[in-house]
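The following paragraphs are meant to be read with the sequence and the coordinates open side by side. Please follow each residue in the model as it is introduced.

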Amino acid sequence: MNDPVPAPSYATSAVLLVNTGTPEAPHSAAVRRFLRRFLSDPRVVELPRALWLPLLYFLVLPLRAPRSARRYRQIWQNEGSPLLLHTGRLREALERELNALRGAIRVEQAFLYSPPYVDETLEVLRHAGVRRLMVLPLYPQASGSTTGAVYDQVGRALRRWRALPELRYIPGYCAEPGYISALAASLGDHWRLHGRSGHLLMSFHGIPQSMVARGDRYADECHRTAAEFAAALDLAPRDWSLSYQSRFGANRWLTPATNQTLRELPRRGVRSVSVICPGFAADCLETLEEIALENRAAFLEAGGEHFDYVPALNERADHAAALAGLILRRTADWA
């Protein structure tokens, strides 16, 4: 008589954190490779391929890569890319938190457009015998352009699996209490260290309005996060506002734009502002350069006097705890 097959253990369960990615070096060639992969994805740019790809290869990449490389050099750390470093530390903090609460569970990280790639990381998990897989895109506010790209790449990678895992996704967490509490705590910590500003601007990554017109719920989720965050801080409507950053191309994007908002605030009598980016789980070019440097300069040039960028949640303990709680609730039957 054959011995019974043992039930799966926590060692066969894994969590995969996925974020967008980063160049491997702050130089034009590396930035060009990253942008080529990123901007070639139909989830990111929805123009017809026959129209978009020639523009990408012969106009966008030659012009954008050197400029972006200069921007990356302003925020690059001795150890490497800020996004890579913070995501790695968050992965470690989340794994410690999950192991303390439930037991051995593996946590890996992957990027959509740079190493470690989604397909390569999933191949590692396949060889490790993972039977239960939770995929957590690090986008609190879900969009087809981000979360959708995660679904696409995970699905393509799993085509190579013969013994398929039990697969679950967390498609967003825009109003999860732990996430909102972590945002509020991070802002409170910042204000205690640097003083409270006269206005809080919540800046989210923008998307084209055409995506929203076709049914993307991203803008609604940004507004929900902002409302929950403001309520947690007991802010009056006049004390905060919402905007969208990182516009790319000639299409109409969600408004109001962050750079325009920061130029207008001094004309409304706001001389002191704190900017926080609730949609970014980890600091990156869009927060450390676009907001903390470029948009700071725009605000001060417009007559502002005090500008503070509030760092992303990164590897904060309450951030890891919030994500762990979210994962454990969605996998309670894995116990």
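Asp-234 is a convenient place to enter, since its relative accessible area is 69%, and a residue counts as exposed when that value is over 50%, so Asp-234 is classed as exposed. The model in view is a predicted one, and the angles and distances that follow are to be read as values computed from it. Asp-234 sits in the loop that leads from helix 8, residues 218-233, to strand 6, and although Asp-234 is not a glycine, its phi is positive, at about 60°. Most residues other than glycine have a negative phi, and most peptide bonds are trans.

A second residue with this kind of backbone angle is Asn-314, which is likewise not a glycine and has a positive phi of about 50°. Asn-314 belongs to the loop between strand 8 and helix 11. Is Asn-314 buried or exposed? Its relative accessibility is 7%, and because the limit for a buried residue is under 20%, Asn-314 counts as buried.

The loop that holds Asn-314, between strand 8 and helix 11, also contains Glu-315, whose partner Arg-89 lies in helix 3. Side chains of opposite charge can pair when their charged atoms come close. In this case the side chains of Arg-89 and Glu-315 meet in a salt bridge, with an N to O distance of 3.8 Å. Because Arg-89 is in helix 3 while Glu-315 is in the loop between strand 8 (306-310) and helix 11, the pair ties together parts of the chain that are 226 residues apart in sequence. Both ends of the pair have some access to the surroundings: Arg-89 is partly exposed at 30% relative accessibility, and Glu-315 is partly exposed with a relative accessible area of 27%.

The elements named for this salt bridge also lead to a helix packing. Helix 3, residues 82-101, packs with helix 11, residues 317-330, at an angle of about 55°, and the two axes are 9 Å apart. Helix 3 and helix 11 are therefore oblique to each other, and their crossing is right-handed. Returning to helix 8, the reader will find another packing, in which the axes of helix 6 (residues 177-194) and helix 8 come within 9 Å and cross at roughly 55°. Helix 6 and helix 8 are therefore oblique to each other, and the crossing of these helices is right-handed.

How many salt bridges does the structure hold? The structure holds 15 of them, and a few can be followed individually. Arg-168 pairs with Glu-166, and the closest N and O atoms of this pair are 2.6 Å apart; Glu-166 itself is partly exposed, with a relative accessible area of 32%. Arg-168 and Glu-166 also take part in a network of salt bridges that links them with Arg-132 and Asp-333. Elsewhere, the side chains of Arg-238 and Asp-239 meet in a salt bridge with an N to O distance of 4.0 Å. In this pair Arg-238 is exposed, with a relative accessible area of 67%, whereas Asp-239 is partly exposed at 24% relative accessibility.

The backbone also has cis peptide bonds that merit inspection. The bond from Pro-115 to Pro-116 is cis, with omega near -5°, and Pro-116 is placed in the loop between strand 2 (106-111) and helix 4 (118-127). A cis peptide bond also joins Thr-255 and Pro-256, with omega about 5°, and here Pro-256 is in the loop between strand 6 (240-245) and helix 9 (258-264).

Two further places remain to be visited. Arg-37, in helix 1 (residues 28-39), is partly exposed with a relative accessible area of 23%, and its C-alpha lies 5.7 Å from that of Tyr-113, although the two residues are 76 apart in sequence. On the surface, Leu-47, Leu-51, Leu-55, Leu-59 and Leu-63 make a nonpolar patch of about 410 Å². Of these leucines, Leu-63 is found in helix 2, residues 49-75, and at 46% relative accessibility Leu-63 counts as partly exposed.

Technical notes
Residues numbered from 1 in each chain as written. Predicted model: local features only at pLDDT ≥ 70, side-chain atom pairs only at ≥ 80, totals over all residues. Heavy atoms only, no water. Patch = residues over 30% accessible without salt bridge, like charges linked within 9 Å, V, L, I, M, F, W, Y side chains within 5 Å. Areas by Shrake-Rupley, 256 points an atom, 1.4 Å probe, with all protein chains shown as cover. Helix = DSSP H or I, 4+ residues; strand = E, 2+ residues; numbered from the N terminus. Buried < 20%, exposed > 50% of the residue type's maximum accessible area, 1.4 Å probe, protein only. Axes fitted to C-alpha atoms, helices over the stretch in contact; angles between N-to-C directions. Parallel < 35°, antiparallel > 145°, perpendicular 65-115°, else oblique. Left-handed = near helix turned anticlockwise from the far one by under 90°.
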